[in-house]
Amino acid sequence: MAATAPEGWQRPRVSMQEHMAIDVSPGPIRPIHLISDYFPHFYPFAEPGRSTPDLLPATASANSSTPQRQLDLEPEADSDDSTALGTLEFTLLFDADNSTLHCTAHRAKGLKPPASGSVDTYVKANLLPGVSKASQLRTRTVRGTRGPVWEETLTYHGFTRQDAGRKTLRLCVCEDPRLRRRRRAPPLGELRVPLRKLVPNRARSFDICLEKRRLTKRPKSLDTARGMSLYEEEEVEAEVAGEERGRILLSLCYSSQRGGLLVGVLRCAHLAPMDANGYSDPFVRLFLHPNSGKKSKYKTSVRRKTLNPEFNEEFFYAGTREELAEKVLLVSVWDYDLGTADDFIGGVQLSSQASGERLRHWRECLGRSDHRLELWHPLDGVASQLGDYPQGPACSLPS
């Protein structure tokens, strides 16, 4: 039975302002929870003193007898050890006129080797993408310090504007295990610089934090043995076809005094490795087609165990400019093998029927007497098939 109001009692009137002021004080100001706190959480690796957050204060006060463990709601950032690995100071200069890239390693600061004590370090450089050993350069080793100073310049020859637009320079600070008889360890840290940021003929200095070496997953196509790691150090994947063979620096000059063409074989860069040790023993063959006799065929000396050989050898072909304009100069790079057929690395063909830089090089040489012109040319992976190309073990074509 509902209770009835006593006689003479009237409901008190409450103004709108008084009504809005009734029971609106929340008491002590409490922190506002994140929206993620109102969803279920699972902490498989939570510490013993951590649990899910207390999201319902009213329920917690009603069950005050049950102890509630509080969770630190501060988000955990990803572990970034870049600042803990130290920094590297270096300078880059792209000399577009001479097609070279200069990298000067100045010093490193705050290196953190795995073992305590001093460390023997050097800087290793690679151009990505590309063949690892073909573009690998290193400084000398500085011993017994965590703040080494190198002040040494590493130079890449045959570096063009196209390379600057699509290549990246990787610098690694490595510990030299030979001096302390240790096993080869991973780099102390590495960094990568996209070379498209460089302005030609203008030096740019960097002071960048080192990062951990990146690992890449092994391709499924590789037949890996049981127990082999699923990850490997990210050395360099094979570059696009046509650029993998390397490049050669040639100089051409028509000598009016001698009445013929001077061909200079200066150097090669980033050659493809043909031997099991990851290197090649390169040499260069020259053949002027069509021509007969030994004076049409020349060969440089062999450079042992290198992918960036320097030759600086010059050869002469007699003839007028009109006669040479009808001929083809075949330049091929080979890997010398003792007792077996030499391996073809790559070649280039200069003639009036060529195109691009090859045609320009040939025409400018024959068009101006006593003017030496040096140009880099990428090597083709397939030798030119000419019927009069010299045959035999010394000049055989690849099958």
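**Strand pairing and buried cysteines**

Nine bridges join strand 11 (residues 247-255) to strand 12, and the two run antiparallel. The model is predicted. Strand 12 spans residues 260-269 and is mostly covered, with ten of its ten residues buried. A separate topic below is an open sheet of four strands with antiparallel pairing.

**Strand 12 and its partners**

- Across the pairing with strand 11, Ser-251 stands opposite Gly-264 of strand 12.
- Strands 11 and 12 form a hairpin with four residues between the strands.
- In that hairpin, Gly-259 takes a positive phi near 70 degrees.
- Strand 12 is also joined to strand 15 (residues 310-318), through seven bridges.
- This pairing, too, is antiparallel.
- Here Val-265 has Glu-313 in strand 15 as its bridge partner.

**The four-stranded open sheet**

- The strand order is 4-3-6-7.
- Strand 4 (137-138) and strand 7 (189-194) stand at the edges.
- Each has a single partner strand, so one side of each is left without a neighbour in the sheet.
- Strand 3 (residues 121-128) pairs with strand 4 in the antiparallel sense, over two bridges.
- Ala-125 has Leu-137 in strand 4 as its bridge partner.

**Cysteines**

- A search of the whole structure finds zero disulfides.
- Cys-103 is buried, because its relative accessible area of 2% falls under the 20% cut-off.
- Cys-268 is buried as well, with a relative accessible area of 1%.

Key. Residues are numbered from 1 along each chain as its sequence is written. This is a predicted model: local features need pLDDT of at least 70, side-chain atom pairs count only at pLDDT 80 or more; totals for chains, interfaces and linings use all residues. Side-chain values use heavy atoms; hydrogens and water are left out. Two strands pair if DSSP finds at least two bridges between them. A disulfide is a pair of cysteine sulfur atoms within 2.5 Å. Buried means under 20% relative accessible area, exposed over 50%, partly exposed in between (1.4 Å probe, protein chains only).
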